[in-house]
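Here are my notes for you to read alongside the model. Have it open in your viewer as you go, and follow whichever points you like.

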2 protein chains.
Amino acid sequence: MNIGDVAERSGLPAKTIRYYEDIGFIKPRRSLNGYRHFDEKELHKLAFIGRARSLGFTIEDCRSLLALYEDKERASADVKDIAKQNLKEIDAKIADLKAMHATLSHLIDECAGDHRPDCPILKNLGQT
Amino acid sequence: MNIGDVAERSGLPAKTIRYYEDIGFIKPRRSLNGYRHFDEKELHKLAFIGRARSLGFTIEDCRSLLALYEDKERASADVKDIAKQNLKEIDAKIADLKAMHATLSHLIDECAGDHRPDCPILKNLGQT
DNA sequence: CTTGACCTTCCACTTGCTGGAACCCTTATG
DNA sequence: CATAAGGGTTCCAGCAAGTGGAAGGTCAAG
């Protein structure tokens, strides 16, 4: 497979795949013409990374998960720890966003939103 | 005020304040020794930006909000539009994070988390 | 006089890509 | 055979929104 096929099958842009090679996730062989040549295993690995990324795992998380994935001896507890840590971060982000939501929607409700210059949103932001 | 005082009173790191000068939010005068010299107005502006940023407004949003803030003729509707757009983005982020949360906590629940190598989290990520 | 706390500038790095330029390779068509 | 389209390659730059650090100037106290 060339990079375009892998891009299509993994759902990742070709640029991203080259980037993932740069940072050492994959090491595809090269054809005589210099093109990257991917096998199923690498496609699989890229798809794995793509799914992990879409679940909010960082690149470094992916590195750990991949290592665990390829280590037949690893304990599921190690993986669970990473996932749990990730879940905690997700929870924190949700809490933050909810607080923002509350403040902002309160301000929006109070704002007349007409042509008059009086605006509680700016008033609030400007409070020293 | 020197930058340290402003940093303390605004809650922004000095580095960030210099950065905000770089991108044109403020133009503090300089003392003879080259130190930045801030007045209350600039402190106020920085605090305004800090609050807006903590509500999730981007730097570009802040630029618009500041312009509106300093324009006595502006209609509150303009401000409300920016805030509403922001709220929409917050909602979308919350929805995304909730979806991640659901998937991940489901996987975590299914994972034994012991020393055995069988792990549903990796199994799921590896599904081609 | 020296120490330590400030301040200055500038450059590099972060995260996770993305865009573009300039160029090479392959295949199909006029 | 020329050429054009549509792959591929490299490298360089940039995004947001700062953060870290080096190298150096300034100021007040002991």
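The points below start with the confidence of the model, go on to the two DNA strands, and end with a few single residues.

1. A word on confidence. Please keep in mind that this is a predicted model. Chain A has an average pLDDT of 85, and 86% of its residues reach at least 70. If you go element by element in chain A, helix α6 (residues 120–125) has the lowest mean pLDDT, at 69, while strand β2 (residues 36–37) has the highest, at 96.

2. The layout of chain A. You will find 6 helices and 2 strands in chain A. Walking from the N terminus, the order is α-α-β-β-α-α-α-α. Chain A has 128 residues, and 43% of them count as buried. The exposed surface of chain A comes to about 7,300 Å², with carbon and sulfur atoms supplying 51% of that. As for contacts between residues at least 6 apart in the sequence of chain A, 41% link residues that are at least 24 apart.

3. DNA strand C, the overall view. Which residues come closest to DNA strand C? There are 19 residues around this strand, and the closest are Lys15(A), Tyr20(A) and Arg53(A) from one chain, with Gly4(B) and Arg36(B) from the other. Looking at the atoms of DNA strand C that are within 4 Å of the protein, 68% are sugar or phosphate atoms, and the rest belong to bases. Sorted by class, the surface near DNA strand C has 7 nonpolar, 6 polar and 6 charged residues.

4. DNA strand C, the phosphate contacts. Both chains turn up here. From chain A, an N or O atom in the side chain of Tyr20(A) is 2.7 Å from a phosphate oxygen of DNA strand C. From chain B, Arg36(B) places a polar side-chain atom 2.7 Å from a phosphate oxygen of the strand, and for Arg18(B) the distance from a polar side-chain atom to a phosphate oxygen is 3.0 Å. The elements giving two or more residues to this surface are α2 (14–22) of chain A, plus α1 (3–10) and α2 (14–22) of chain B. The largest share, 4 residues, comes from α2(A).

5. DNA strand D, the overall view. Now try the other strand: how many residues surround DNA strand D? The count is 19, with Gly4(A), Arg36(A), Lys15(B), Thr16(B) and Tyr20(B) the closest. Of the DNA strand D atoms within 4 Å of the protein, 65% belong to sugar or phosphate, and bases provide the rest. The class split for the surface near DNA strand D is 7 nonpolar, 6 polar and 6 charged residues.

6. DNA strand D, the phosphate contacts. Tyr20(B) has a polar side-chain atom 2.7 Å from a phosphate oxygen of DNA strand D, and Arg53(B) has one at 2.8 Å from a phosphate oxygen. Chain A takes part through Arg30(A), where a side-chain N or O atom is 3.2 Å from a phosphate oxygen of DNA strand D. At least two residues of this surface come from each of α1 (3–10) and α2 of chain A, and α2 of chain B. Here α2(B) gives the most, with 4 residues.

7. Asn86(A). Look for this residue in helix α5 (residues 76–110) of chain A. Is Asn86(A) buried or exposed? Asn86(A) counts as buried because its relative accessibility is 3%. Beyond its neighbours within four places in sequence, Asn86(A) contacts Leu55(A), Gly56(A), Phe57(A) and Asp61(A), and also Leu104(B) from the other chain.

8. Ile49(B) and Ser54(B), two residues of one helix. Ile49(B) sits in helix α3 (residues 40–54) of chain B, and Ser54(B) is in helix α3 of chain B as well. Ile49(B) has a relative accessible area of 0%, so it is buried. Leaving out residues up to four places away in sequence, Ile49(B) touches Tyr20(B), Phe25(B), Cys62(B) and Leu66(B). Cys62(B) is 13 residues from Ile49(B) in sequence, with 6.2 Å between their C-alpha atoms. Ser54(B), by contrast, is exposed, because its relative accessible area is 51%, and the cut-off for exposed is over 50%. A polar atom of the Ser54(B) side chain is 2.9 Å from the backbone oxygen of Arg51(B).

Key. Residues are numbered from 1 along each chain as its sequence is written. Chains are lettered from A and ligands numbered from 1 in the order in which they are written. This is a predicted model: local features need pLDDT of at least 70, side-chain atom pairs count only at pLDDT 80 or more; totals for chains, interfaces and linings use all residues. Side-chain values use heavy atoms; hydrogens and water are left out. A residue is near a molecule or strand if one of its heavy atoms lies within 4 Å of it. A polar contact is a pair of N or O atoms within 3.5 Å; within protein, one must be able to donate a hydrogen and the other to accept it, and residues adjacent in sequence count only if both atoms are side-chain atoms. Ala, Val, Leu, Ile, Met, Phe, Trp, Tyr, Cys and Pro count as nonpolar, Asp, Glu, Lys and Arg as charged, and the others, Gly among them, as polar. Buried means under 20% relative accessible area, exposed over 50%, partly exposed in between (1.4 Å probe, protein chains only). Contact means heavy atoms within 4.5 Å. Accessible areas come from the Shrake-Rupley method with a 1.4 Å probe; for residues, only the protein chains shown count as cover. pLDDT is the predictor's confidence in each residue, from 0 to 100.
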